[in-house]
Amino acid sequence: MAKRIEDLTVTSNRRLSADLYVIELLSPATLPELRPGQFIQVRVDGSRETFLRRPVSIHDVDIQDNTLKILIQVVGRGTERLSLLRPGDSLNIIYPLGNSFSLPLPGDRVLLTGGGCGVAPLLFLGKYLKSENHYFEILLGFRNSQRIIELDEYSSLGKVHLTTEDGSQGEKGFLTTHSVLKNEKFDRVYCCGPEPMMKAVAGYCKKNNITCEVSLENLMACGIGVCLCCIVDTVRGNLCTCTDGPVFNIKELKW
Ligand SMILES: Cc1cc2nc3c(=O)[nH]c(=O)nc-3n(C[C@H](O)[C@H](O)[C@H](O)COP(=O)(O)OP(=O)(O)OC[C@H]3O[C@@H](n4cnc5c(N)ncnc54)[C@H](O)[C@@H]3O)c2cc1C
Ligand code: FES
């Protein structure tokens, strides 16, 4: 798929919680075909420390309006600068990058699961699956009720199961301790979030013989398969997370 380098215009930047922002970007041209799981490389202007582009998942897409959304968690200088973007500002991006989630088989019982900022690619995936008439449920995990984001958006797509680590909303505990995993049988799980969480979900899926795809967030520099800094060890040898991923079937990963 051809890559584009483009200046997009910020149309809104909404703070969702202490460190999470959802930014809407308008393309000057018709958006290219975008698939759930793909990401963009964002240029962070105005800072010497952030000369490398930052990889960010495509959170949502509106083909009619020619807009896409990104969900940003502030963890360092680059993401902090992105959080300060205002309507009318310009953001230079390279896209679409990476592979995408594969589609479920007809009749598959599907679970979308993620925690914290890791929910970013799941909204686009959920909307896509819904448009293709696939049934799915959603299991989301957050540290506490103050950190829960976009629950209405996810609830409009399917049945949502919720965990918080302190039990302030939903079941107390981690994603992998939620009762839905004991009480229901899923055929396919899509997962994004911190690596320990994805490894725990992968362990559950392996044990229960469930097809599982995870979206990796390895550190990246070029984002186009040149610098080899995003290598992941797989049964097919070393692969680039940026071009062979970021989505991998857990069968491929040496976890
Ligand atoms: C495919 C992909 C999709 C991503 N999608 C999103 C997204 O939708 N929203 C979002 O907010 N972030 C996402 N990330 C992570 C994001 O790219 C990093 O958080 C960002 O590059 C950090 O830049 P910074 O300048 O703010 O922080 P830096 O100053 O570069 O780093 C600050 C701290 O964060 C750590 N860090 C940096 N990158 C990562 C990473 N990839 N994983 C774990 N720790 C990291 C550093 O080690 C350091 O401790 C994604 C990463 C990948 C590879
Ligand atoms: S980030 Fe450079 S090869 Fe993947």
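## A tour of the cavity, the pocket and ligand 1

The residues lining the largest cavity divide into eight nonpolar, two polar and no charged. This is a predicted model, and the cavity is the opening stop.

**Stop 1: the largest cavity.** Select Leu111, Thr113, Leu139, Leu175 and Thr176, then add Leu181, Val189, Val201, Tyr204 and Cys205. Together these residues line the cavity. Its volume is about 50 Å³. The structure holds one cavity of 30 Å³ or more.

Now colour by secondary structure. Which elements each supply at least two residues of this lining? They are β8 (110–115) and α5. The most comes from α5, with three residues. Keep α5 on display for the next stop.

**Stop 2: the largest pocket.** Move on to the open space. The largest pocket holds about 1,300 Å³. Its lining counts 47 residues. To find the centre, select Gln73, Cys117, Gly118, Pro194 and Glu217, which lie nearest to it.

Next, show the elements around the pocket. Select β4 (54–57), β6 (67–73) and α1 (77–83), then β9 (136–142) and α5 (195–207). Each supplies at least two residues of the lining. Which element gives the most here? Again α5, with five residues. So α5 is the top contributor to the lining of the pocket and to that of the cavity.

Colour the pocket lining by residue class. There are 22 nonpolar, 16 polar and nine charged residues. Then colour by domain. Domain 1 (4–97) and domain 2 (110–215) each give at least three residues to the lining.

**Stop 3: ligand 1.** Select ligand 1 and the residues around it. There are 21 of them. Pro55, Leu71, Gln73, Thr79 and Glu217 come nearest. Two of these names will be familiar: Gln73 and Glu217 are also among the residues nearest the centre of the largest pocket.

Now go through three polar contacts, one at a time.

- Arg54: a polar atom of its side chain lies 2.8 Å from an oxygen atom of ligand 1.
- Leu71: here the backbone takes part, with a polar atom 2.7 Å from a nitrogen atom of the ligand.
- Thr79: an N or O atom in its side chain is 2.5 Å from an oxygen atom of ligand 1.

Finally, switch on the ligand surface. How much of ligand 1 does the protein cover? On its own, the ligand has 880 Å² of accessible area, and the protein covers 71% of that.

Terms used. Residues are numbered from 1 along each chain as its sequence is written. Chains are lettered from A and ligands numbered from 1 in the order in which they are written. This is a predicted model: local features need pLDDT of at least 70, side-chain atom pairs count only at pLDDT 80 or more; totals for chains, interfaces and linings use all residues. Side-chain values use heavy atoms; hydrogens and water are left out. On a 1 Å grid over the protein atoms alone, a cavity is a set of points where a 1.4 Å probe fits but cannot get out, and a pocket is an open set with protein on both sides within 12 Å along at least five of seven lines; lining residues have an atom within 4 Å of a point. Grid points are joined across faces, edges and corners, and a volume is the space filled by probe spheres set on the points. Helices (H or I, at least four residues) and strands (E, at least two) are DSSP runs, numbered from the N terminus. Ala, Val, Leu, Ile, Met, Phe, Trp, Tyr, Cys and Pro count as nonpolar, Asp, Glu, Lys and Arg as charged, and the others, Gly among them, as polar. Domain bounds come from an automatic or database domain assignment. A residue is near a molecule or strand if one of its heavy atoms lies within 4 Å of it. A polar contact is a pair of N or O atoms within 3.5 Å; within protein, one must be able to donate a hydrogen and the other to accept it, and residues adjacent in sequence count only if both atoms are side-chain atoms. Accessible areas come from the Shrake-Rupley method with a 1.4 Å probe; for residues, only the protein chains shown count as cover.
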